[in-house]
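Got your viewer ready? Load the model and keep the selection box within reach.

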Amino acid sequence: MPKVLIAGGGLAGLAAAAALGRDGWEVDLFEARPFLGGRATSYAVPAGGEEVPETIDNCQHVLLRCCVNLLDFYQRLGMRERIAFYREFYFIEPGGRISVLKRGRLPAPPHFTGSFLRMKCFSAADKLAIARALLALRRERTRRQDLDRISMLDWLNQKRQTPHAIDRFWRQVLVSAINEDLDRMAAIHGFQVFWLGFLSSADGYEMGIPSIPLGQLYTADAWQGMPNVRLHLRSTVERIDAGGFFVEGKALAADRYICALPFEKLAALGLAAPDLEHSPITGVHLWFDREVTTLPHATLLERTMQWMFNKDRGRYLQLVVSASRDLTALSRKEIVDIAVGDLRLFFPRVHDANLVKAHVVKEQRATFSAAPGTERLRPGTESSIGNLFMAGDWTRSGWPATMEGAVRSGYMAAEAVARTAENSPVYLIG
Ligand SMILES: Cc1cc2nc3c(=O)[nH]c(=O)nc-3n(C[C@H](O)[C@H](O)[C@H](O)COP(=O)(O)OP(=O)(O)OC[C@H]3O[C@@H](n4cnc5c(N)ncnc54)[C@H](O)[C@@H]3O)c2cc1C
């Protein structure tokens, strides 16, 4: 079989390797870091004193059941069963009142009707506004041509949404899904999340959370069935040109190449880089000396911290703030203080608990900013070099910067590689 070299061991590069590897291609993948997974990975953080270091996810990564390519990738690695799915979304108001959104017996799209009507965090006017906008979204999805040019907030204002509908529903779901504020997010992405996740099928919204640290989803064992895929860690690709890759000072040539590196790395390697901007995410890890909640996860309304994930018996919580520009200038201590202050409002047991330790991860370059007008700046799979194909969550994958988007881009690059060998396998689902 022909040989392909892949730069980057994030989800895009790994997905391309898994697809081509299963079809017998000789694959060599080069990853600069000592572990796989890129931004969707885990690593050990030093513990104080005698304690064993803690393995933490770079940040809690969640998927929805509509992320069909990502689930297919996990299946290829034998890791599909490691994703636990949750059918209930918990919305908590400051003060601790909980509203639950979950599907009932009706088929999509009215499958949420029963629980939605019972949600206490929305007034009757909020609910009416949200229902009206969801119907409009369904209608306008294929008809409007300007959805990449206007912001989601523009569209919500056109639909006369109430302040609570915007803050407690649309913002709460979309800012974390797209990693951008409503006024900076192209409406097309908000439409896609709600269409695939909430309207087109009854189970698309179910939230998947890995039951093991992210990095363990891609360990060597998972690749045992593909001996033709060789994963080279601590191997930085220094240059890419028509002659091939330069890796750690050595020139390497093959039949085809895939570049699955973050867009900000391309220029240094001699490749054209798209003119995209970044949007940050901040993750806060808190360990308490006792259980402070029994909820598995929750979305926290109207405070700085947006989502809570219960990582270990209600004692170790991970909090996430997407599009976290407001936290950039703050110190880690200031961020921890805000996090603990927010938690006290939602989970009264935090008042009696002692914080044992805390860890803050500020990812300034978490994803590209999905601003209006960005779609046309995202390049496709082809490059200016004939046998080099591009992948990465920033390419035009049809999805925003997500794990699903990264895997889609990897499958698309793998399909393009296979096509040049007069082979036309279909890896991409949907
Ligand atoms: C904090 C945070 C939270 C997130 N939460 C979610 C979430 O909940 N759900 C979701 O779907 N998505 C989430 N995302 C987005 C998701 O992680 C990314 O979209 C996806 O992982 C990107 O994959 P990728 O392969 O395109 O890029 P990357 O993961 O960046 O992979 C690129 C790889 O290339 C390597 N590399 C760089 N330079 C070189 C070089 N010169 N030579 C060799 N290797 C090199 C890097 O080390 C990296 O491993 C989150 C991202 C962050 C940062």
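Here is a tour in stops, each with something to select. Before you start, keep in mind that this is a predicted model.

**Stop 1: helices α4 and α6**

Select residues 124-140 for α4 and residues 163-178 for α6. The two helix axes come within 9 Å and cross at roughly 60 degrees. That makes α4 oblique to α6, and the crossing is right-handed.

Now show the side chains where the helices touch. On α4, pick Asp126, Ile130, Ala133, Leu134 and Leu137. On α6, pick His164, Ala165, Phe169 and Trp170. Colour them by class and you should find 7 nonpolar, 1 polar and 1 charged residue in this contact.

**Stop 2: on to α7**

Keep α6 on screen and add α7, residues 187-199. How do the axes of α6 and α7 cross? They come within 10 Å and cross at roughly 100 degrees, so α6 is roughly perpendicular to α7.

Phe169 and Trp170, which you have already selected, are part of the α6 side here, along with Val173, Leu174, Ala177 and Ile178. Facing them from α7 are His189, Gly190, Val193, Phe194 and Phe198. By class, this contact has 9 nonpolar and 2 polar residues, and no charged ones.

Stay with α7 and colour by accessibility. The helix is mostly covered, with 10 of its 13 residues buried. Among them are Ala187, Phe191, Gln192, Gly197 and Leu199. To see what the buried residues pack against, display helices α4, α5 (152-158) and α6, together with strands β5 (63-64), β7 and β8 (98-101).

**Stop 3: tryptophan 195**

Pick tryptophan 195, also in α7. Is this residue buried or partly exposed? Tryptophan 195 has a relative accessible area of 21% and counts as partly exposed, because the cut-off for buried is under 20%.

Not counting residues up to four places away in sequence, tryptophan 195 touches Leu137, Arg138, Arg141 and Ser200. Leu137 was one of the α4 residues in the contact with α6. For a distance check, draw a line from tryptophan 195 to proline 213: the two are 18 residues apart in sequence, yet their C-alpha atoms are 30 Å apart.

**Stop 4: an aromatic pair**

A search of the whole structure finds 24 aromatic pairs. For one of them, select phenylalanine 89 and tyrosine 205. The rings are 5.9 Å apart, centre to centre, with 50 degrees between their planes, giving a tilted pair. Phenylalanine 89 belongs to strand β7 (residues 89-92), while tyrosine 205 is in the loop between α7 and β9 (207-210). The pair links parts of the chain 116 residues apart, and both residues are buried.

**Stop 5: arginine 76**

Next, go to arginine 76 in helix α2 (residues 68-76). This arginine is buried, with a relative accessible area of 17%. Leave aside neighbours within four places in sequence and show its contacts: Ala18, Ala19, Arg22, Met226, Tyr411 and Tyr427.

**Stop 6: histidine 278**

Keep Met226 displayed and add histidine 278, which is found in strand β15 (residues 278-288). Methionine 226 and histidine 278 are 52 residues apart in sequence and 35 Å apart in space, C-alpha to C-alpha. Histidine 278 is partly exposed, at 23% relative accessible area. Beyond its neighbours within four places in sequence, its contacts are Phe263, Glu264, Arg325, Gln364, Arg365, Thr367, Phe368 and Ser369.

**Stop 7: backbone details**

Switch to a backbone view for the last selections.

- Select alanine 108 and proline 109: a cis peptide bond joins them, with omega about 5 degrees. Proline 109 is in the loop between β8 and α3 (113-118).
- Select glutamate 248, a non-glycine residue with a positive phi of about 50 degrees. Glutamate 248 sits in the loop between β12 (244-247) and β13 (250-252) and is partly exposed at 43% relative accessibility.
- Select arginine 313, which is not a glycine either and has a positive phi of about 50 degrees. Arginine 313 is in the loop between β17 (307-312) and β18 (316-322), and counts as exposed at 56% relative accessibility.

Methods:
Residues numbered from 1 in each chain as written. Predicted model: local features only at pLDDT ≥ 70, side-chain atom pairs only at ≥ 80, totals over all residues. Heavy atoms only, no water. Axes fitted to C-alpha atoms, helices over the stretch in contact; angles between N-to-C directions. Helix = DSSP H or I, 4+ residues; strand = E, 2+ residues; numbered from the N terminus. Parallel < 35°, antiparallel > 145°, perpendicular 65-115°, else oblique. Left-handed = near helix turned anticlockwise from the far one by under 90°. Contact = heavy atoms within 4.5 Å. Nonpolar A, V, L, I, M, F, W, Y, C, P; charged D, E, K, R; others polar. Phe/Tyr/Trp six-rings, centres within 6.5 Å; stacked < 30°, edge-to-face > 60°. Buried < 20%, exposed > 50% of the residue type's maximum accessible area, 1.4 Å probe, protein only.
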